[in-house]
Amino acid sequence: MSVATYSPEERFRLGMLWTDSRYRSTTIQTIALFLVMLLGAYLINNIITNLADLGKDFSFGFLFEPAYYDINQRLIEYDSRSPHWLAAVVGILNTLLVAVLGCALATVIGVIAGVLRLSKNWVISKLMAVYIEVVRNVPLLLQILLLYAVFIELLPRPRGSEPMLDGFLVATNRGFYIPSLVLAETGWIVVSTFVVSLVGIFLFRRWARKRQEETGQIIRVFSISLGILIVPTAIVFFALGSPISLEYPELKGFNYQGGIHLRNSLVALWLALSIYTGAFIGEIVRSGIQAINKGQTEAAYALGLRPNRTMKLVILPQALRVIIPPLISQYLNLTKNSSLAIAVGYMDVTGTLGGITLNQTGREMECVLLLMAFYLTVSLLISAVMNKYNQSVKLKER
Amino acid sequence: MTDNSSIAFVMKEAKEAMPAPITTTGPLAWTRENLFSSPLNTALTILSLIFLAWMVPGLVQWAFVDAVWVAGSIDECRQLSSEGACWAVITARFDQFMFGFYPEDLRWRPILAFVLLCVALLPVLWDAVPARKQLFAFSAVYPLVAFVLLWGDGWVFQSVSSSDFGGFLLTIIIGVTGISFSLPLGILLALGRNSNMPFIKIICVTFIEFIRGVPLITLLFVASTLLNYFLPPGTSFDLILRVLIMVTLFASAYMAEVIRGGLAALNKGQYEAADALGLTYWQSMYLIVLPQALKISIPGIVNTFIGLFKDTTLVSVIGLLDPLGIIQPILADSTWNGLVVELYVFVGLFFFAFCFAMSRYSMYLERKLSTGDRH
């Protein structure tokens, strides 16, 4: 019989760095660290040599020089003598504008498509399947360009155009016009009343929920919220003699004046992004609803819940847990895809900072770095929010 | 004895079952069940039918009945038919759409390369193919063959400059290269992210999160304007190659996340069992973990492939002549000025065919592979 011998001190040999699993991972990591540092040093060295060869320095001073170019769709004051950084900010706001509009419309389209896709109605579910399959399998850039081209080619010129929807929308080949809000001097009172009632609704809902949890008494939250939303604002609005009015676009000469001018590039980008992302959201919603076990519905019925409370209290909370994470990553995709604006000339941040500013100043390195930093910040922020949400809805397993 | 004569009638055999009521089977019931089961459903059906009746005939009329297939310019098209689609532009520029500006007398080379690509894909996609082993060997050397065929080697095959590449040829080159290199790279990144070596993990996480955080277009800007700064002075290499590298890196980060999902979905017992058998890390990954994890992540992997294939169109933004890049000069050309929809629809159909085929193939693969673990 053999006896296991215990050898207290095994001498360390150099070969053990690789053959002994106690040391191997340290060895590998040291080598990797060394290689990464070597690569980094090599790249930085190349950059320095190349910049020196071209006679360029690495500085962000150019941001404070005048930009000398115009941006036709903007949310804040900007003219061609404004500095480059302001152009970048205009671009960032434009990106955020199309991203927010796109996310909202894509969600609406996606939820409708996803629910109808599951409908028992054969025709409508097949129609939605065709929509989802076609849109998901065709490049987004192509859809944006197609929509933009269709707007420019097929919409009438301003002179020949007819206002639609009672004057609320004018579609021309130069863009879309919608009425703008004009605030009279006392208009801000109405706006602040509205904001206050929003806060009021929030507080009321919290109070109502707390009360229900304590006493079991159910308060009709929806109708009261609706009342709070409308009544005070309406009273203030009429008491002050309608200080907020709409300014309609009017045809003057060859073009429309007044109202809000949405350029074709913005509308094409917005619609194409929404339709494209909507198809993906549709699939997410469908799979989310299908992921809920049928037993959940049956159990809720067995407990005596009515169908819409079953939906609200049992199905939706569980479906949302499946739906929300991929939904948010679709929002993120939409934001990143909005950089395709450059193809139709909508001045988002890629068009200003990564486009004209880059070409005018020749500062590729700084511009691309700033551009990437912006997108990275947005995505990391959204990922952080998503992780927080995932933590909060995670199944609490016992 | 009972008197049988007082019983009027006794059935000797069971009666034949009557057919089910017409409202519960057959087309009528199907219609009722699926189209008109509730007022809302009826309304939806009627709305969709109106939509279809309005859409389909007009579309057919435009695309087929009134369409012009051969003409020399848009004016000829409009003379022949003022309302229909002018597909003549596609027929006239078909070669450009396919090959870009690839020299005309050498076009047999990309065609041969494409045929060989199909041969090389056979053993990968279909396991009942005869002589699969030998074909796999061919698939392994195919990239080299394709490179020599497409770019030429300067001796046997005349060299072709990268700037002549274009059209669907370019799309397929970028798509196929990206797809075939991003999968292995993605697997390595995913394993790195799951590794228990903190430094390796940090490298992989940083890379993945960085690539996923920025739009592809900024990476293409890097490829077109910035990459020269990172190289030793004086070196410059081909724009297509730079784009290929960027697209592959981009897709591999997304692939890594998809595969990480598959790795996470795998039962922990599988890892432990592999360790208990005394397998080394790579053995356990290759024999136990990856085959199962990849199977779980097939839908995600194919979705990444489809996304990559669609994203190849972005190279037109940095000036490469992919199909969307080919369209721009045609739009500006006075012979065809005014034709827009036809061009985009044609390119869209091409992409749809490829991507749809890919998604169907992934469904087939899922079905085929899922037979093993039905509980």
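How much area is buried between chain A and chain B, and what part of it do carbon and sulfur atoms give? In this predicted model, the area buried between the two chains is about 4700 Å², and carbon and sulfur atoms give 74% of that figure. Chain A brings 54 residues to the contact and chain B brings 56. Q29(A), N137(A) and M372(A) supply 13% of the area that chain A buries against chain B, which is more than any other three residues.

Polar and charged pairs also span this interface. Between chain A and chain B there are 15 residue pairs in polar contact, counting pairs with both residues at pLDDT 80 or more. The salt-bridge count for the two chains is one. E133(A) forms a salt bridge with R360(B), and the closest N and O atoms of this pair are 3.7 Å apart. The pair counts because 3.7 Å falls within the 4 Å limit for a side-chain nitrogen and a carboxyl oxygen.

It is helpful to see which parts of chain A take part. The elements that each give two or more residues to the side touching chain B are α2 (21-54), α4 (122-136), α5 (140-154), α8 (264-290), α10 (307-337), α11 (349-361) and α12 (364-393) of chain A. The largest share of that side, 15 residues, comes from α2(A).

A second interface lies inside chain B. The domain assignment divides this chain into domain 1 (26-80) and domain 2 (94-102 + 160-373). The C-alpha centres of these two domains of chain B lie 36 Å apart, and their contact takes six residues from domain 1 and seven residues from domain 2. Together, the domains of chain B bury about 520 Å², with 72% of it on carbon and sulfur atoms. On the domain 1 side, W62(B), S73(B) and I74(B) supply 71% of the area buried against domain 2 of chain B, more than any other three residues. Across this interface of chain B there are zero salt bridges and one residue pair in polar contact, both at pLDDT 80 or more.

Turning to chain A again, three of its strands form an open antiparallel sheet in the order β1-β2-β7. Strands β1 (170-172) and β7 (260-262) of chain A stand at the edges with a single partner strand each, so one side of each has no neighbour in the sheet. From one strand to the next, the twist averages 20 degrees. Three bridges join β1(A) to β2 (residues 175-178) of chain A, and the two run antiparallel. Within this pairing, A171(A) has F176(A) in β2(A) as its bridge partner.

Methods: Residues are numbered from 1 along each chain as its sequence is written. Chains are lettered from A and ligands numbered from 1 in the order in which they are written. This is a predicted model: local features need pLDDT of at least 70, side-chain atom pairs count only at pLDDT 80 or more; totals for chains, interfaces and linings use all residues. Side-chain values use heavy atoms; hydrogens and water are left out. Two strands pair if DSSP finds at least two bridges between them. Helices (H or I, at least four residues) and strands (E, at least two) are DSSP runs, numbered from the N terminus. Axes are lines fitted to C-alpha atoms, for helices over the stretch in contact, and angles run from 0 to 180 degrees between N-to-C directions. Domain bounds come from an automatic or database domain assignment. Contact means heavy atoms within 4.5 Å. Buried area is the accessible area (1.4 Å probe) that two parts lose on being put together, summed over both. A polar contact is a pair of N or O atoms within 3.5 Å; within protein, one must be able to donate a hydrogen and the other to accept it, and residues adjacent in sequence count only if both atoms are side-chain atoms.
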